[in-house]
Amino acid sequence: VFSIAASQVGEVLHYAAIGAGAAGMAVLEKVGSSGRYCLHRLAEQVNVTGQATSQRIEVEYQKALMAAGLKREMAKAKILDISAPLRSQMIGSLKDLIKRCALQDPNMWKCVRSGYEALLNSILSDVEQEIESSIEAALLKQQSEQFAEGPSWRGGHWWAFIPTTIYFKVRAFFLHHYLPHDKSIFGKLKDPMYCAISIFILLPVHLVRVLFFMFILVFLIFPGPPDEFQLINYILLFKGSQFLSAGIFSMGRGAMQYFLCFCQHKEDLLGCISSTGPGGGEAVIPGVQDYLGSVILPWIAFSALPYSRRYVKRTFVGRASDEQPIDEEEEAAEMVKYCCFECRVVKTKGGRLRHLLRYDVKCFVFSLFVLVLLSGWTWSTELEHTKQHGFYAWLRDSPQFKEDFFWCKVLYGLLSLPFLPFMIPLLLQVLTHCEFTGYNERGACVEFLYPQCWQAPDVKESSDDSGVSGALIRRAR
């Protein structure tokens, strides 16, 4: 009995020990899992805190960079303002020297001297203004937007969506290739489309140049309001191309036609000139349309100048302040009511260009007067059988009048020479005092800027750039 009791007690103790061990293992496992969970949560919190700290350091670093850059721009603007009187004195001395050298002839007539002096004062004042603007633009950082969206369909009738969209696509294509926002003449000559357009408008053929510039004018005005610089540039490009196309190239073509008739048709020289000479094989009506369009289109563009606005205005980071700058254009603007709508008009725009256009009208009237004199003289010298159908039929069909009309158009084209120098960007800037603009791929009028072709130099990291300061240095690099 005692041995049986002892064995049972041993079994009970054995099972008790096993149960206690299992309970201990369960407790240890629970303690271990709790510890691992706490450590995992602690690691997550440390990671989140570290990321937040890193982001905060980055934000503070960016703020510090922005503040340093703003202070640097403000310091440069302050230096420019302080040195303005010295620059003005230096430029004034240079202007006086130029005027003394130009007017030193004691035998110069008083009327010529006064006019010459007024012209020099005007030109030198413009040059001084452009020098100051160029210095400011070169030293101070500007705010610009090169990726503006172009005009698009704003809703309305569904049937107007397709033609409006096509018009905006065609408009953006031609304006971006002919008046780009990031290419000078050297960059445009690398564009095959621009070269094709230039060759096309310089052809000495009736209505080719006028029709192209008519479409360009429509693209500039609609949708409005047009850009002031683009309208002025349009007038100067149109008249400059007239000097080349209707003047130089047409005169060369007429001379070559005379030469070919003399070389190939010596026995019937008069008949060759009448049929294939200058103006001989051309219709009169298209020539008249080309002749009138050369003077009407620039005046339409000039008439649109008061309704234009400047899409680009220089905004320098270093001159930012709480006070809004005074906009002279807005101060000079006034609301004018036409019929049932009102529009904003600045009547002072295009002041100096008006003198050039008045000169152009005088040249047109002069060429027309020469045409009338030539027509009257050649009509009086014509044979009687050519006059039997009347003066109007003679104007329409006579090779002699076509010849007179051709050379009067050449004369009008050659008289457009004063517009040609203003196709040079520097002289155009002096004349307009506007910010150069162009059209991006979307057809939006934006500031003219050359593309950034340079790359930042590589900087090798040193081995001692470690820790937070090293990370900030590497990020700055």
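This passage looks at helix α7 and the two helices packed against it in a predicted model.

Start with α7 itself, which runs over residues 228-264 and so has 37 residues. At 1.5 Å a residue, a helix of that length should span 54 Å, and the 52 Å between its end C-alpha atoms agrees with this. The helix isn't free of bends, though: a kink of about 35 degrees is centred on Ser-250. At the N-terminal end, Asp-227 acts as the cap, with a side-chain oxygen placed 3.3 Å from the backbone nitrogen of Phe-229.

Phe-229 turns up again in the packing with helix α15 (residues 425-432). Here the two axes lie 11 Å apart, at an angle of about 125 degrees. An angle between 115 and 145 degrees is neither roughly perpendicular nor roughly antiparallel, so α7 and α15 count as oblique to each other. Their crossing is right-handed. On the α7 side, the contacts come from Phe-229, Ile-232, Asn-233 and Leu-236; on the α15 side, from Leu-428, Leu-431 and Thr-432. As for the spacing of such contacts, an α-helix has 3.6 residues a turn, so residues three or four places apart point the same way.

Then there's helix α6 (residues 208-221), whose axis comes within 11 Å of that of α7 and crosses it at roughly 175 degrees. Angles over 145 degrees count as roughly antiparallel, which is therefore how α6 sits relative to α7. The α6 residues in this contact include Phe-213, Met-214, Leu-217 and Leu-220. Among their partners in α7 are Leu-231, Tyr-234, Leu-237, Phe-238, Ser-241, Ser-245 and Ala-246.

Methods: Residues numbered from 1 in each chain as written. Predicted model: local features only at pLDDT ≥ 70, side-chain atom pairs only at ≥ 80, totals over all residues. Heavy atoms only, no water. Helix = DSSP H or I, 4+ residues; strand = E, 2+ residues; numbered from the N terminus. Expected span 1.5 Å × (residues − 1). Bend = angle between axes of the 7 residues up to and from the residue. Polar contact = N/O pair within 3.5 Å; in protein donor to acceptor, adjacent residues only side chain to side chain. Axes fitted to C-alpha atoms, helices over the stretch in contact; angles between N-to-C directions. Parallel < 35°, antiparallel > 145°, perpendicular 65-115°, else oblique. Left-handed = near helix turned anticlockwise from the far one by under 90°. Contact = heavy atoms within 4.5 Å.
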